[in-house]
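Me: I'd like to go through this model with you and ask how each label was earned. Could you give me the cut-offs along with the values?

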Amino acid sequence: MSKVPVIEIFGPTIQGEGMVVGQKTMFVRTAGCDYSCSWCDSSFTWDGSGKHLIVQMTADEIWSELKRLGGSGFSFVTISGGNPALFRNLEALIAILKENDIKVGVETQGSRWQQWLYDIDELTISPKPPSSGMTSDYTVLSDILGKLQNRNSNQHISLKIVVFNEEDYAYAKQIHLRHPTIPFYLQVGNDDITTTDNALLISHLLEKYQALIDRVIADEEVRDVKVLPQLHALVWGNKRGV
Ligand SMILES: C[S@@+](CC[C@H](N)C(=O)[O-])C[C@H]1O[C@@H](n2cnc3c(N)ncnc32)[C@H](O)[C@@H]1O
Ligand SMILES: Nc1nc2[nH]cc(C(=O)O)c2c(=O)[nH]1
Ligand code: SF4
Ligand SMILES: [Mg+2]
């Protein structure tokens with residue numbers, strides 16, 4: 001049976017970001033990314049520092065681990081990474097989750113296409129702004145968004161862009177204006193991804209959140225937008241596996 005490199009499986013926790021923020025969910029995090037964002041809060045998935053944690057797993061093995069950790073106490077699984085869209089083989093896991101009436105969320109940056117993206121219930125596409133150091137391939141992004149437009153109405157897609165500065169804001173706005181019908185989320189960038197001083201981090205992130213809200217309030221051209229912090233960072237700081 002085909003395998004996928006998994007670096008962590010955890011939960012139940014809550015989805016801390018984006019369109020289903022607050023949702024009780026399990027997480028499956030794949031290893032490896034085609035990007036290397038300067039501020040990636042999950043760089044251990046691709047920079048070698050988490051190499052010893054990577055396990056090649058079949059879909060059945062992943063499902064068993066999800067049940068071992070979550071028992072019968074979950075109905076939602078979020079697949080993140082790294083970039084999970086690097087792996088065609090995830091189709092087997094998604095099939096098992098569907099068979100068991102589990103809703104599936106995916107976090108990906110919109111740089112790679114997979115057929116199984118058609119089957120995701122809550123799909124977050126998160127193109128990367130200039131501060132990441134990455135450059136977006138707009139052709140690939142538009143192609144992916146175009147393909148996903150006609151899925152059935154109980155499947156949802158959103159664009160979620162992390163903002164660290166004014167240039168990032170301009171980038172996010174441009175993406176939104178190119179794809180005005182896709183639900184648009186702005187997320188506060190965490191610029192201190194190593195601190196263990198939660199009180200300091202949380203007050204800092206709340207200040208950043210306020211600044212991002214103020215930016216949106218002042219912008220008459222950006223109307224249909226949701227502005228969110230990373231809720232998990234406000235609750236647990238930079239802790240991993242939550
Ligand atoms: C770690 S990524 C994994 C999935 C996929 N590679 C992606 O970037 O969408 C999950 C989410 O965390 C966001 N993220 C990563 N580092 C962050 C940071 N320092 N502050 C805020 N959000 C961050 C990403 O933009 C993405 O939306
Ligand atoms: N609670 C929680 N919510 C999250 N939303 C997106 C995450 C990610 O790293 O992809 C994440 C995460 O790592 N934890
Ligand atoms: S695309 Fe996602 S996982 Fe990859 S480096 Fe950027 S934030 Fe990290
Ligand atoms: Mg994260």
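**Why the labels fit**

Reply: Happy to! Let's start with G82, which lies in the loop between strand 4 (76-80) and helix 2 (90-99); helices (H or I, at least four residues) and strands (E, at least two) are DSSP runs, numbered from the N terminus. This is a predicted model, in which local features need pLDDT of at least 70 and side-chain atom pairs count only at pLDDT 80 or more, while totals for chains, interfaces and linings use all residues. Residues are numbered from 1 along each chain as written, chains are lettered from A and ligands numbered from 1 in the order written, and side-chain values use heavy atoms, without hydrogens or water.

Me: What kind of peptide bond joins G81 and G82?

Reply: A cis one, with omega about 20°. Another cis bond runs from G11 to P12, where omega is near -5°. P12 belongs to strand 1.

Me: Which residues surround ligand 3?

Reply: The shell consists of C33, Y35, S36, C37, C40, W46, G82, Q109 and K128. To be near the ligand, a residue needs a heavy atom within 4 Å of it.

Me: How does that shell around ligand 3 divide by class?

Reply: There are five nonpolar, three polar and one charged residues. Ala, Val, Leu, Ile, Met, Phe, Trp, Tyr, Cys and Pro count as nonpolar, Asp, Glu, Lys and Arg as charged, and the others, Gly among them, as polar. By that rule K128 is the charged member, and G82 falls among the polar ones.

Me: Why is C40 called buried?

Reply: Its relative accessible area is 17%. Buried means under 20%, exposed over 50%, and partly exposed in between (1.4 Å probe, protein chains only), so C40 qualifies as buried. C40 is in the loop between strand 2 and strand 3 (55-58). Setting aside neighbours within four places in sequence, C40 is in contact (heavy atoms within 4.5 Å) with W46 and I193.

Me: What makes R215 partly exposed?

Reply: R215 has a relative accessible area of 27%, which lies between the two cut-offs, so "partly exposed" is the right label. R215 is in helix 5 (residues 198-217). Outside its neighbours within four places in sequence, R215 touches E166 and Y169. Its C-alpha is 23 Å from that of C40, with their positions 175 residues apart in sequence.

Me: And how do you know that D101 is exposed?

Reply: For D101 the value is 67%, which is over 50%, so the residue counts as exposed. D101 sits in the loop between helix 2 and strand 5, and has a positive phi, near 60°, though it is not a glycine.

Me: Why are the buried residues of helix 2 said to be on the same side?

Reply: The buried residues are L90, L93, I94, I96 and L97. They cover an arc of only 160° around the axis, so they lie on the same side of helix 2; the arc is that of the directions from the helix axis to the C-beta atoms. Their cover includes strand 1 (3-14), helix 1 (59-70) and strand 5 (103-108).

Me: What about helix 3, which of its residues are buried?

Reply: L141, I144, L145 and L148 are buried there. These fall within an arc of 95°, so they line one face of helix 3. They pack against strand 6 (122-125), strand 7 (156-163) and helix 4 (166-178).
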